[in-house]
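User: I want to learn how to read a sheet and a pocket from coordinates. Can you walk me through one example?

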Amino acid sequence: MKNIFKALKFPFVSFLILSSFIACDKDFNVIESEVLGEDNTNFSTGIDTINAVAYNKRVDAVQINNLPSYLLGVFNDPEFGKTTASIVTQLTPSAASLNEDFGINPTIDSVVIHVPYFSSIESIDADGNNEYQLDSLYGDRSAKYKLTIHKNNYFLRDFNPFGEVNSSQNYFSKAEDNPELLNNHALNGSQNINFDEYAGEVIIDTVFAPSAKATILKTGEGTDEIITRSVPAFRYTINSDTEKGVEQLNFWQQTIVARSGSDDLSSANNFRNYFRGFYLKSEPIEDKGNMILMNLGSSEANVTIYYTKGDSSLRTSDEYILNFSGNILNTFNNEFIRPIENGDNINGDETLYLKGMEGSMAVVNLFGTEDSNNNMIPDELDNILMGFRKTDDNGKFIKDNSGNYVLKRLLNEAHLIIYEDENEIVNTVDDNGDSYHNYDRIYAYDIKNNTPTFDYLIDPTENNEPFFSKAFSLGQRVSASSSDPGKYKIRLTEHLNNIIQSDSTNYQIGLVLSNNVNFTNSSEILNSDDITGIPAATILSPRGTILKGSHEANEEERLLLKVFFTELKDN
């Protein structure tokens, strides 16, 4: 049934849109004959091509807290270079664990750190067990990297003491120009934080590679053995089997159990001030690794302390649970092989670079940019307004009773066509042998308001699988062939309609790479005057792509805004 529904979904949507076009044409046009054709109607169609100006914008100091999920690991982008992502997170006792009574002679048996990945069922084996694939794993799946989890000694505060009353504290990336390349930094608006300076005891130290295998747990023995399977996850168990394990258990014994009855464990705020969380630090091994989204928001993401208590004659088992909640943030370290600089915001750039995390975006000025003499380069706005709006005998635009401009043309569609730069994209196959750019999606947003475009908002093709979602407003990538580069189509019909009919001044469109076009929340950019926000989804998109800009030598492959319209013929 699910497959049938998907098959029917797009034709039905197409019917709705076609119906809307027919309804518009019915109001606008007068048909002179029952036989349609150019000579039998009093309307004609046309195309305007607008020379938009597109330029690169380097994205520095992006907000790295309050994200929907968090990246961990090492990613070697074949076009841009290496980025390492680490995580700093607070921990909070579960409601049942607050003011825990650890009882008589409590002794920790084991500590388990468990964080699920984002995964989906790929198949079912012969025994009826689910087999999974990882949905957000980037880079060489077989590569390993070093993962060290430290006790974090830096307090992540909730409120900004330098902001307005009760304003939340945001944290921002500092991915480059760090004197200690392997250290992880963040900005809070008033200081640079080097988390390695606040790294405390080592909780675990391991070599790590995410696995798509199900998590298998066994309890009991013999005929009482119970086997449970759950989704793939990072799962690390600390027990007394090794000398190192004994030391780690002693850390938890002294840090948590020995504090029984103290105010430190009595409330979430007290606990987070006492135990300030984890610092999960990633480091490449032989310059290699991979990167994955960690599902810290899952109800299964936690640290569980298993312990026994009671006198020697009656020992009982219990557990103390810490959830990954409170303040959580990502840190990034960039080692780019390609410099990313701010582009020419007056004349536009020949090549556009889209790179996620702390990387780069493109800004599209739909009607050119004012130069120092306040001249539009090119002056496209007046041309399109004069082409679409009716004027009176004095040359002034006419408005209707609703305050909208009266039009002499009907806007059928407007879209940006954007081509990949096949001369710059050298590496098209990733470490796994997959076509690197197959699943790239470009997300376009309204820069003035840091919101999705209106075309996105009315796009009915939303799908739970982000690659297939919003296919009308944010067209899927058309794969490159031997004769044509890959390309993208971004619809801006309603966005342009608002400009023509209602004097909207939203002339700038931002273009970023996204791994989830369904997620539209915006993240702040620190100390930026022109671009104040960026879609949070691109911060969690480690990949990048290279596009042809508004000064591409081949005019047929330049970034252009195409406008399709219908108008009455002259009498």
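**Sheet first, then pocket**

Analyst: Start with strand order. This is a predicted model. Here 4 strands make up an open sheet, ordered β1-β35-β27-β30, with antiparallel pairing. At the edges sit β1 (43–50) and β30 (487–491), each of which pairs on one side only. From one strand to the next, the twist averages 25°.

User: How many bridges join β27 to β30?

Analyst: Strand β27 (residues 409–419) is joined to β30 by 5 bridges, and the two run antiparallel. Take one residue: Tyr 419 has Lys 487 of β30 as its bridge partner.

User: Which strands does helix α4 lie across?

Analyst: Helix α4 (residues 380–388) lies across β1, β27 and β35 (560–568). Its angle to β27 is about 150°. Helix α6 (residues 493–502) lies across β27, β30 and β35, and runs at about 130° to β27.

User: Now the pocket. Where does one begin?

Analyst: With a probe. Rolling one the size of a water molecule over the atoms shows where empty space is left. In this model, the largest pocket holds about 1600 Å³ of space.

User: Which residues lie nearest the centre of the largest pocket?

Analyst: Leu 134, Asp 135, Ser 136, Tyr 138 and Asn 515 do, out of 48 lining residues. By class, the lining has 23 nonpolar, 15 polar and 10 charged residues.

User: Which strands supply at least two residues of that lining?

Analyst: Among them are β3 (70–77), β7 (119–124) and β8 (130–134). β9 (137–139) and β31 (508–514) also each supply at least two.

Conventions. Residues numbered from 1 in each chain as written. Predicted model: local features only at pLDDT ≥ 70, side-chain atom pairs only at ≥ 80, totals over all residues. Heavy atoms only, no water. 1 Å grid on protein atoms, 1.4 Å probe; cavity = no way out; pocket = protein on both sides within 12 Å on 5 of 7 lines; lining within 4 Å. Points joined across faces, edges and corners; volume = space filled by probe spheres on them. Nonpolar A, V, L, I, M, F, W, Y, C, P; charged D, E, K, R; others polar. Pairing = 2+ DSSP bridges. Axes fitted to C-alpha atoms, helices over the stretch in contact; angles between N-to-C directions. Contact = heavy atoms within 4.5 Å.
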